[in-house]
Amino acid sequence: MILAMVIMILAGCSTGEKGVKTEEGKTKGTGASSEDTLVIARLSDAESLDHHFMSTINAASVTHGKIYEGLVGRDKNAELQPLLAESWEQLDDTTWEFKLRQDVVFHDGTDFTADAVKTTFDRVLDPAVGSPKAGVFSMVEEVKVIDEYTVQFLLSEPYAPLLSILASHESGIFNPKAIEKFGGDDIQEPSGTGPFKFESWTPGQKIVLNRNDDYWGTPAKVSRVEFEVVPEESTRTSMVELGEAHIAEPLSISQMDAVNNSQNSEVYQSEGFGTEYITFNVEKEPFNDVRVRKAVSHAIEMDAIRKGVYNNVGGEANSLLGTKVFGYHEGLEIYDYNLSEAKRLLAEAGYSDGLEIKLTTMDSKERIALAEVVQSQLKGIGIKVKIEVMEYGTFVETVHSGNTEMILISWRNVTGDADYNQYNLMHSSSKGSSGNTSFYSNPEVDRLVEDARKESDSEKRLEMYAKAQEIEMEDAVYIPVRIIENVAVISKDVSGFEISPSGYLELNNVSVK
């Protein structure tokens, strides 16, 4: 970590043309002053800017709440609040009506109306489009326009967590003109109603947003945001320390002390909804045998991993749900560390002489360190582990394709409701890019997850999710590692920055000295 104080003007904050100072002191022209530009150095690029096709929170953080907004949002306490909808009412078990704001326009000046809401959801649900997010809205039978500023969601069955889904990035409302232009193809020029407008995307390098000065709500405090792709962590953190960037994320735990001891930057931390976990492709040998999965579960000493790899950053996990998520099962028991039982199960499964497996991970320091500890621990029961490290984008593609055996992965619940985890990660209809990278299928779990969606009684929903998680644990589908903690480097010149429990970067209140 470079600790020397360096004063410099951000070189990448304009197009290179000299601006003209207005009477208000702002830069006029194509560039923005360094005080008005927020530079964020990130590990990896977005794989898409289209909410109907993107598969990561990393991508959604660029667009959700910046370019696109939904009918419903969340406040700082993660409580649901009106956003593009002023109010809503559940008319009956399967009909929800939303009254829309009448003072909103899209970034090109097009009026936001009920037609835009219908067009957006018709697109994601269109089988010809083939959106991997269609399953998220499988209960939506029709989005019906009542009048210019009233829309109804007609459901095929009751769906209790509808509002939580409408607050997530999947439900961001698109400009109908962008849909008209791109149709079912990936939208390359996103246009929404949010506080920032899309300027440009240079894949693998940079995404640039500009403040929407016609925004219906409270305008952003910075006039420009640049998301720069900087794969090397030492470079990212040095950029913040030197004043070349204001935020760098993610930050590895091994670098937290160095950042906290620096002159110009500090560590940002917040608890997330999601978890980090180890999972298996249950359709492939040897992990199509539950005894092998249980053996591995008994052979991994997670307390040592949380302390040695993560320095106890992030809470102890017992499932795929963080403690703040509705549906968290506090009493769920995980597999104890028991090498004798692990060896017995392996022998029973026909692997008394051991076996070789492939463990796939993305190229972050903690994940690689975790993989190496798992490799060492499984050696104790005769399992030889080959570690496969991949760049983030390649990793995502690989786990979605099913070309895996054992995976180190995480899931950032964006809704705060167990349905988002259970349906996407465990339901048989979600195999692959929708989230079920375990390729797990259990009819009883499917039924419980489906019934919990329909149940309006919160206590009964909690019971259903508890039972589903108990079955999944008995089937040894995954091994919980820890509850995710959002960690980033921020400049001491930055204020107002947050990462939501869902993992979204919150930028609207950010200011730079």
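The following conversation looks at how one sheet and two helices in a predicted model are described.

Biologist: What makes β10 and β16 the edge strands of the sheet?

Modeller: The open sheet has 10 strands in the order β10-β11-β12-β3-β13-β18-β14-β17-β15-β16, with mixed pairing. Within that order, β10 (196-202) and β16 (383-390) each pair on one side only, and this is what makes them the edge strands. From one strand to the next, the twist averages 25°.

Biologist: How do you know that β15 and β16 are paired?

Modeller: Pairing requires at least two bridges between two strands, and eight bridges join β15, residues 355-362, to β16, so the two count as paired, and they run parallel. One of the residues concerned is Leu 359, whose bridge partner in β16 is Ile 387.

Biologist: Why is α13 called roughly antiparallel to α14?

Modeller: The axes of α13 (residues 443-454) and α14 (residues 458-474) come within 9 Å and cross at roughly 160°. Because angles over 145 degrees count as roughly antiparallel, α13 is described as roughly antiparallel to α14. The crossing in which α13 passes α14 is left-handed.

Biologist: Which residues bring these two helices together, and how many of them are nonpolar, polar or charged?

Modeller: From α13, the residues that meet α14 include Val 445, Leu 448 and Asp 451, while those on the α14 side include Met 464, Tyr 465 and Ile 471. By class, the contact of α13 with α14 has seven nonpolar, no polar and six charged residues. Tyr counts as nonpolar and Asp as charged, so Tyr 465 belongs with the nonpolar residues of this contact and Asp 451 with the charged ones.

Methods:
Residues are numbered from 1 along each chain as its sequence is written. This is a predicted model: local features need pLDDT of at least 70, side-chain atom pairs count only at pLDDT 80 or more; totals for chains, interfaces and linings use all residues. Side-chain values use heavy atoms; hydrogens and water are left out. Helices (H or I, at least four residues) and strands (E, at least two) are DSSP runs, numbered from the N terminus. Axes are lines fitted to C-alpha atoms, for helices over the stretch in contact, and angles run from 0 to 180 degrees between N-to-C directions. Angles under 35 degrees count as roughly parallel, over 145 as roughly antiparallel, 65 to 115 as roughly perpendicular and the rest as oblique. A crossing is left-handed if the near helix is turned anticlockwise from the far one by less than a right angle, and right-handed if clockwise. Contact means heavy atoms within 4.5 Å.
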